[in-house]
Amino acid sequence: MTEGQLAAGRTNARLRAASVSAGYGATPILSDVSLSVPDGQLTALIGPNGSGKSTLLKTMARILAPERGSVLLDGKAIHQSSTKDVARSLGLLPQGPVPPEGLTVRELVAQGRFPHQGLLQQWTAEDAAAVGQALATAGVADFADRAVDSLSGGQRQRCWIAMVLAQQTPILLLDEPTTFLDLKVQVDLMEMLADLAHTGGRTLVVVLHDLSLAASYADTLVMLRDGRIVCAGAPHEVFTADRLKAVFDLEARVSWDAETGLPVCLPLAPQAQRRRRTRAA
Amino acid sequence: MTQAAGLLARRSGSLMALLLMALAGAICLLFALHIAVGAKPLPLGTVIEALLARDPKAFDHSIIWDLRLPRALIAITVGAALAVSGALMQGVTRNPLADPGLLGLMAGASFAVVMTSLVFGPAMTNWAPWIAALGAFVTALAVYAVAHWTPGGPTPLTLTLTGAVISAFLAALVSIVHLLNEDSFDNLRVWLSGSLSGRSLETLGVTAPPIIVALLLGLALAPRVTALAMGDDVAKGLGIKTGQLKLQLLVVVVVLTSSAVALAGPLGFVGLVIPHVARLLVGSDYRWIVPFSALIGAAFLLGTDTLARIAIPPREISTGIITAMVGAPVFIQLVRMRAR
């Protein structure tokens, strides 16, 4: 798929941003951004701090209303649709959520069933099954009755993902789910998310900070800078040293590991290089 | 606080239902006890007999129906209203120290009653319930209006700060009036510390319907408060209209608190501490915190008001004083039990 197709065409995508401009109060962040999210794939949003990737995610999740343009879910403007109806198609995990003190994992995950419940808040067998399945998929069933705030960072993030999974939406938007976690936990989480897309057939949009991780797992990389999409496409096409320079001002070498086929992003850090060279000499 | 998930780590619906029924049973028992004790102690058998089938000629039955029953019912109503009000306030502000007086409701009630008796004299005492409710309600509107004019609008933070500032301002005015005019406030002293004495069944008749409606609405909204406590963005992602929900919750809090103030004066402690007692027992899901707060609040106020009536016969202590005196050590013990 080419960039042109992503930006404008592909009107059959379930979730699309059409010429969206958005920001906070008087501060504009996104200007005229269009993006068709590929169905059943993992799309990663990357870009420097303040580039607007979280703002784009929030606007697509209808948390933030666009000043101009619109976000379309199945062809309907998402900000004009019933928010509870949207919540049955689209789940959101915001950045760094804080669990209420003492809330158990099961209780947290059960909140994901809200959009499926009626006015009288009937808890059905279907709800219980969805919660059980979400606990198992996220790998948190073993401590379902413990308080979320007593768990480690990685386990806690899995609980939040389980909550969004219990929502049983075909589309999942996640804002920096791996930030502040150690590398092994990040990889495990990304494995799980990729599996949700490739085995589960769900559409995932994930804001990520780690470039190698994003390029390794994403089917589509979307690079943002100064509130605009610089490029979007398969990692093999867009994850290049030139692009990293253009988007991040980062001098880096990008190589593809021959054995694994995975991308490696090596920042060309001048100080570190000098130090290693003098030691070697 | 520790990070334990309440005393009941694993909570099933049936266990919760059983606990709720046990609490309801305890309330019935405390209710009968509340009526039985007093200047003329009555046997529990007589109390139950009178409640089930009133004999208009029996003097004891008249004491029960005309004097003691209203007060017991008021204790239940006020206890439930303040505890639920406090629980919702803590949920909507995400502040564990929030209480029903946070929006200036208690200070507004006190101010209104003190000022009207300053201007119109002690004759106004009969009108105190309505003046208090009106004072609380008007103060809530004023706090909301001031918070509305701040740059951020009426967020939980601006509402809390505005409420604290207006409360302090009104309390200062009340103190000034107290200092300048000592004698005329003797009759208000008991009312100002929170008391259930001297309220008629009519006052309860007027305040009970709004309290019942607000309690039911609070129960219906309770599950959403848990989602709200996880943060605005999480709640919005789940399809909750957070702005609308917060407004609905604040209206429930104002109705419950103004009505409770009409019945019992500015009674503190219950609204702050009872939701925490409920939390210690059932954890952090408002689905359970709200109903348990209602029942524990009712039971607690029935119990402490019974003590207030019999502690130093023939006089009685103000209920508001007993709630804090008895409640504080009980609460500390509960926290210690959970920490273990």
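**Strand 7 and its neighbours: worked exercises**

In strand 8 of chain A, A:Val205 is the bridge partner of A:Leu173. This is a predicted model, where local features need pLDDT of at least 70, side-chain atom pairs count only at pLDDT 80 or more, and totals for chains, interfaces and linings use all residues. Residues are numbered from 1 along each chain as its sequence is written, while chains are lettered from A and ligands numbered from 1 in the order in which they are written.

**Exercise 1.** Work out how strand 7 of chain A is paired with strand 8 and strand 6.

*Solution.*
- Helices (H or I, at least four residues) and strands (E, at least two) are DSSP runs, numbered from the N terminus. Two strands pair if DSSP finds at least two bridges between them.
- With strand 8 (residues 203–207), strand 7 pairs in the parallel sense over five bridges.
- To get there, the chain goes through helix 7 (residues 183–198) in a right-handed β-α-β crossover (with the strands pointing away from the viewer, the path from the first strand over the helix to the second runs clockwise).
- With strand 6 (residues 90–93), the pairing is also parallel, over four bridges. Here A:Leu92 sits opposite A:Leu173.

**Exercise 2.** Is strand 7 of chain A largely enclosed or not, and why?

*Solution.*
- Call a residue buried if 20 or more other C-beta atoms lie within 10 Å of its own, exposed if 12 or fewer, and partly exposed in between; C-beta atoms are placed from the backbone.
- A:Ile171, A:Leu173 and A:Asp175 point one way, A:Leu172 and A:Leu174 the other, and all are buried.
- So strand 7 (residues 171–175) is largely enclosed by the rest of the structure, because five of its five residues are buried.
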